[in-house]
Amino acid sequence: MAEEKYPINIWINEERFAKLENAGLGEMCEEMLAGLKVLRVYANDAQKDKILKTFPTAKFDSATTKSIELLPRKVKDLIFDKIVEKSSVDIMDAFLQAY
Amino acid sequence: MAEIGHGGKPIVERILAPAEAAAKIKGLKAIEIRAQIANEVIDLAYGYFTPLQGFMGKADVDAVCEKMHLTDGSVWSIPILFDLTADEVKNYGVAPGVSVLLTYGGNPMAIMEVEEVFDYDKKAMCQAVFGTTEEKHPGCARTYGYKDKFVGGKITLVQKPVINDPYTPYFIPPLEMRKRFADKGWKRIVAHQTRNVPHTGHEWLMKGAFFQSYAELPIDKHYVGVLVNAIIGAKRKGDYIDEAIILTQDQLRKSGYFSDDTHMTSLTLWDMRYAGPREAVFHAALRTNLGLTHHMYGRDHAGVGTYYGAYDAHNLLATVQDEINITPVYSENWLFCPHCGEITSEGLCGHKNEWQKFSGTLIRSIVEDGVKPPRLIFRPEVFDLTLECGEKYGFGSPFVTDTYLEKRVPVFSIPPMK
């Protein structure tokens, strides 16, 4: 059975979009919810547990979206910077190494 | 003619006239109460909790826990308790037949005519009401935090609460609410229970419930209204601030997403117990007293974590449907379908593989990331007002912070007695 994956939605504000464009990564964004740009970074079960433990404000929306929400904006900025650095959304291991 | 509330009992306001109140409180021992108790004193005195006229005695708590009824036979699902320590009972001379003065913020609020002082097994109460005894369930945590003695007895306000801005227009007690409904000519009114700033999923829940409730009624005039009844009580860090919740709910009407003929916003003072199915039954009683005829219930109504199944509340309501005077309106989830290009419901839309579900939590993440959601998802007027409330009332944030908890303007105050 495929391992469950849980998205973290990095919503792309103007500042983040400018950084993506500068790095030539503007095309990485998905579009959701009637026009919002988003980068979706996926965590596995163990990573999800570590994120929820490390960042107490974070919440797993088990009822509706099955996504990890309410990470502090600064933390999401760090995840975003890692995406730009690696030119990939497959960065969760690298990101969590610091914690 | 008496207004009849839940349990077929008349709604009674237990509030003394000022001259009488001053004389009645002379010589009474004063007990300062906390916010939860003060909220419930108001609810009891204005008839929100009809047929209750005071805090429960042991027989009623037993009946509620074991049979989900009061001793008078009315359906009731959550104990309404006034707790004291054994020392407080002794020091204040609290005993059957004694009246005490309840103060809030140091000022006289209500007289309690003590009928009974009793102990109760909190663990058994948790199991009965919440279906669990786990301390991590917020309702259990609250129950375990109660002091060890419970005091039953009738409540009478000696002063009306002063409702502070911006809540003033939204405090509409049962008797007044029923007059407002009559003035509007509404024959059916459906309750929307909320503790959220509304996104369009909430908006469509209400619109869907409006259509469901309207059914066969004529359309020459508007005969159906939606009442948003926001639960205002204890807050947790990260929740939306109360001011943002109540003002943005009303903004849906002010911005025309609902007409004046179909929508009204109000509040009830209550600390959520997260009792899921039992809280759903409690909501039915509460909203019956407010004069509502229909009540929206979605999935996992008033639940928390994974304690309750999605439809447990619906199933429990069905067991008492013949005994309550409010019709449940069950709501499916609303979501965004990019294929349809609109908000739609799980039951209507056939593009299941394309559905994009969203929740209050997800919207909060979008806002915290500094992004303005599209109007199809979150109304711009609601978004702007949410941020404005953060600046005006939330010390820079529309979400509850330590500063907000410490410095917020209280929903109501009890003034010094003249």
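**Two domains, one chain, and a few unusual residues**

Let me begin with B:Pro51, which sits in the loop between H2 and strand S2 (54-55) of chain B, where helices (H or I, at least four residues) and strands (E, at least two) are DSSP runs numbered from the N terminus. The peptide bond that leads into this residue, from B:Thr50 to B:Pro51, is cis, with omega near 15°. A second cis peptide bond runs from B:Asp165 to B:Pro166, with omega near 5°, and B:Pro166 is placed in the loop between strand S7 (162-163) and helix H7 (174-184) of chain B.

Before going on, I should say what we are looking at. This is a predicted model, in which local features need pLDDT of at least 70 and side-chain atom pairs count only at pLDDT 80 or more, while totals for chains, interfaces and linings use all residues. Residues are numbered from 1 along each chain as its sequence is written, and chains are lettered from A and ligands numbered from 1 in the order in which they are written.

Now to the overall layout of chain B. Its domain assignment gives domain 1 (6-161) and domain 2 (168-412), and such bounds come from an automatic or database domain assignment. Taken over C-alpha atoms, the centres of domain 1 and domain 2 of chain B are 28 Å apart. Where they meet, 25 residues of domain 1 of chain B are in contact with 26 residues of domain 2 of chain B, and contact here means that the C-beta atoms of two residues, placed from the backbone, lie within 7 Å. On the side of domain 1 of chain B that touches domain 2 of chain B, two or more residues come from each of helix H2 (35-46), helix H5 (122-130) and helix H6 (138-144) of chain B. H2(B) gives the most to that side, with five residues. By residue type, this side of domain 1 of chain B divides into 12 nonpolar, 10 polar and three charged, given that Ala, Val, Leu, Ile, Met, Phe, Trp, Tyr, Cys and Pro count as nonpolar, Asp, Glu, Lys and Arg as charged, and the others, Gly among them, as polar.

What, then, lies in the interior? Strand S8 (residues 188-194) of chain B is mostly covered, since six of its seven residues are buried; a residue is called buried if 20 or more other C-beta atoms lie within 10 Å of its own, exposed if 12 or fewer, and partly exposed in between, with C-beta atoms placed from the backbone. S8(B) runs parallel to strand S9 (residues 224-232) of chain B, and seven bridges join them, where two strands are said to pair if DSSP finds at least two bridges between them. Within this pairing, B:Ile189 stands opposite B:Gly225 in S9(B). S8(B) also pairs with strand S11 (residues 294-297) of chain B, again in the parallel sense, over two bridges, and there B:Ala191 has B:His295 of S11(B) as its bridge partner.

In domain 1 we can turn to strand S6 (residues 149-157) of chain B, which is largely enclosed by the rest of the structure because seven of its nine residues are buried. Three antiparallel partners can be listed for S6(B), one after another:

- S2(B) is joined to S6(B) by two bridges, and B:Phe55 stands opposite B:Gly153.
- Strand S3 (residues 83-84) of chain B pairs with S6(B) over two bridges, with B:Asp83 opposite B:Phe150.
- Strand S5 (residues 107-118) of chain B pairs with S6(B) over eight bridges, with B:Ala110 opposite B:Leu157.

Next, the contact between the chains, which takes 21 residues from chain B and 20 residues from chain A. On the side of chain B that touches chain A, the largest share, six residues, comes from helix H12 (residues 360-368) of chain B, and the residues of that side divide into nine nonpolar, seven polar and five charged.

I will finish with two loop residues. Which residue of chain A, other than glycine, has a positive phi? A:Lys66 does, with phi near 55°; this residue is found in the loop between strand S4 (59-60) and strand S5 (68-69) of chain A, and A:Lys66 counts as partly exposed because 13 C-beta neighbours lie inside 10 Å. In chain B, B:Phe395 also has a positive phi, of about 55°, although it is not a glycine. B:Phe395 lies in the loop between helix H13 (380-393) and helix H14 (402-407) of chain B, and with 15 other C-beta atoms within 10 Å, B:Phe395 is partly exposed.
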